[in-house]
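Please look through the chain below before reading on, keeping its helices and its nonpolar residues in view. The explanation that follows is meant to be read alongside the structure.

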Amino acid sequence: MADSGSEDIAVIGNTDLTPSESENNLKNTMVEKGTSLLKKMEISVAEAEKRTGKNAVNMQETYTVYLIETRPVDAASEETNPVPDSLWRRYSEFELLRNYLLVTYPFAVVPPLPEKRAEFVWHKLSADNMDPDFVERRRVGLENFLLRVASHPALSSDKIFYLFLTEENGWKETVFETGFQAKADSRLKALNATFRVKNPDKRFVEMKHYGDELQSVISQLLRVRARAADRLYGVYKVHGNYGRVFSEWSAIEKEMGDGLQSAGHHMDAYAASVDDILEEEEHYADQLKEYLFYSDALRTVCRKHELTQYELEMAVQDLTSKKQQREELATGTIRTFSLKGMTSKLFGQETPEQREAKLKMLETQIEEGEELVKERNSECDEFVKSAWVDIERFKEQKDHDLRESLISYAIMQISMCKKGIQVWNNAKECFNKM
């Protein structure tokens, strides 16, 4: 298990909160439980703004920028309410920051970014990434990403992350100067390690499989929710037909007219309420999507371990081969078929001087190989230790967040059903008065 001091991050602390209240609660919880950066600095993504400009190939494009605001915690607690420091960032800059963190902290389950384009949407919801509602949800997701990073035991103290929050100009150049892109593992190299590693760590194999399963079940859950939202929208809007019919009926009745018209108004209000309900549902869907994307971050750590283990095995294999060559050269015995062995038989044995030179070269290579194996072993051990601590921290965070999110979703559904019952109780009272 992770150290008891590991920091936990809550998405929702109070299950009776509305989405906007939950967002504020997230900030407060992270400040209470966070690491040094959040103890010193308040972080928020305050607003989004649409802009138009030229892109890299000198073509006109429309894009969205997000206003990041920071202020010292001490200043806020003293109630002086200073003007926060602020800067604008594009989504692509958030992507660059995350890519840097993935390479620099390969052992960490790096928090995911919110989706760039809407996925798992019900048919009435816009999939346009410039849609104001989508941009607002992404603003909340980007703030959540920053708070996640700022509360992470390792990521929060990174200099590049701090500059992302505080330096608008020159930040990209500083990131690229780190050379992180050259350190990034190629997909082909990682895939090769997956299939060729001989002694994978069972814990990481199981965790990678769990990441696959988690992604699958959350994807299914989001699809079910999208279908349910479609059906729910239809059911609510059909109640608007009750309102129309009752209103038309009331026009031809004298004694019953007022009651029918009042009942119709209740039905109209019920039909209109679905828009706010489904907007609130999207908030909970976004929380599930975060862990859909977290599952890939978890698998990324496991793939990195496979690559680390594979590099260790290749170093050991190369060292073993060099030692075997030394033994064969020293004894003159060829244990396995090789081109060198065939060459010796066809063209005669090497001279003592040639053999001595080769032995000397092999001794040097073996010394270097032993150092490399020692280095790879140390890297692998350190990676396993650091990664498993962070995986345990992530598991505690995930269990807490998803439990609270599902409870809040259930409470919202119960509240929605109670409103439906209340509408029909009100309609019944209208009918009783006729």
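The paragraphs below go from the chain as a whole to its nonpolar cores and then to two pairs of helices.

What is shown here is a predicted model, and its chain contains 14 helices and three strands. Of the 434 residues of this chain, 42% count as buried. When contacts between residues at least 6 apart in sequence are considered, 76% of them join residues at least 24 apart.

The largest nonpolar core comprises 35 residues, and within this core I43, L146 and L165 have the most contacts. At least two residues of the core are supplied by each of helix 2 (36-40), strand 1 (41-54), strand 2 (60-72), helix 4 (91-104), helix 5 (132-150), helix 6 (159-166) and helix 7 (171-177). Helix 5 provides the largest share, with seven residues. Leaving aside residues up to four places away in sequence, L146 touches I43, V45, I68, F94, F161, F164 and L165, so that the other two residues named for their contacts inside the core, I43 and L165, are both found in that list. Apart from this core lies another, of 22 residues, which includes A285, Y294, C302 and A387.

The first helix pair to follow is made by helix 12 (residues 274-331) and helix 14 (residues 352-432), whose axes come within 8 Å and cross at roughly 165 degrees. Because angles over 145 degrees count as roughly antiparallel, helix 12 is described as roughly antiparallel to helix 14. The crossing in which helix 12 passes helix 14 is left-handed, and the contact of these helices has 28 nonpolar, twelve polar and 15 charged residues.

The other pair joins helix 10 (residues 202-250) and helix 11 (residues 257-272), with axes that come within 7 Å and cross at roughly 160 degrees, and that angle makes helix 10 roughly antiparallel to helix 11. Here too the passage of helix 10 by helix 11 is a left-handed crossing. On the side of helix 10 the contact is made by residues including Y236, H239, G240, G243, F246 and W249, while helix 11 contributes, among them, G257, L260, G264, M267 and A271. Sorted by class, the residues of this contact divide into ten nonpolar, seven polar and three charged.

Definitions and conventions: Residues numbered from 1 in each chain as written. Predicted model: local features only at pLDDT ≥ 70, side-chain atom pairs only at ≥ 80, totals over all residues. Heavy atoms only, no water. Axes fitted to C-alpha atoms, helices over the stretch in contact; angles between N-to-C directions. Helix = DSSP H or I, 4+ residues; strand = E, 2+ residues; numbered from the N terminus. Parallel < 35°, antiparallel > 145°, perpendicular 65-115°, else oblique. Left-handed = near helix turned anticlockwise from the far one by under 90°. Nonpolar A, V, L, I, M, F, W, Y, C, P; charged D, E, K, R; others polar. Core = buried A, V, L, I, M, F, W, Y, C linked by side-chain atoms within 4.5 Å. Buried < 20%, exposed > 50% of the residue type's maximum accessible area, 1.4 Å probe, protein only. Contact = heavy atoms within 4.5 Å.
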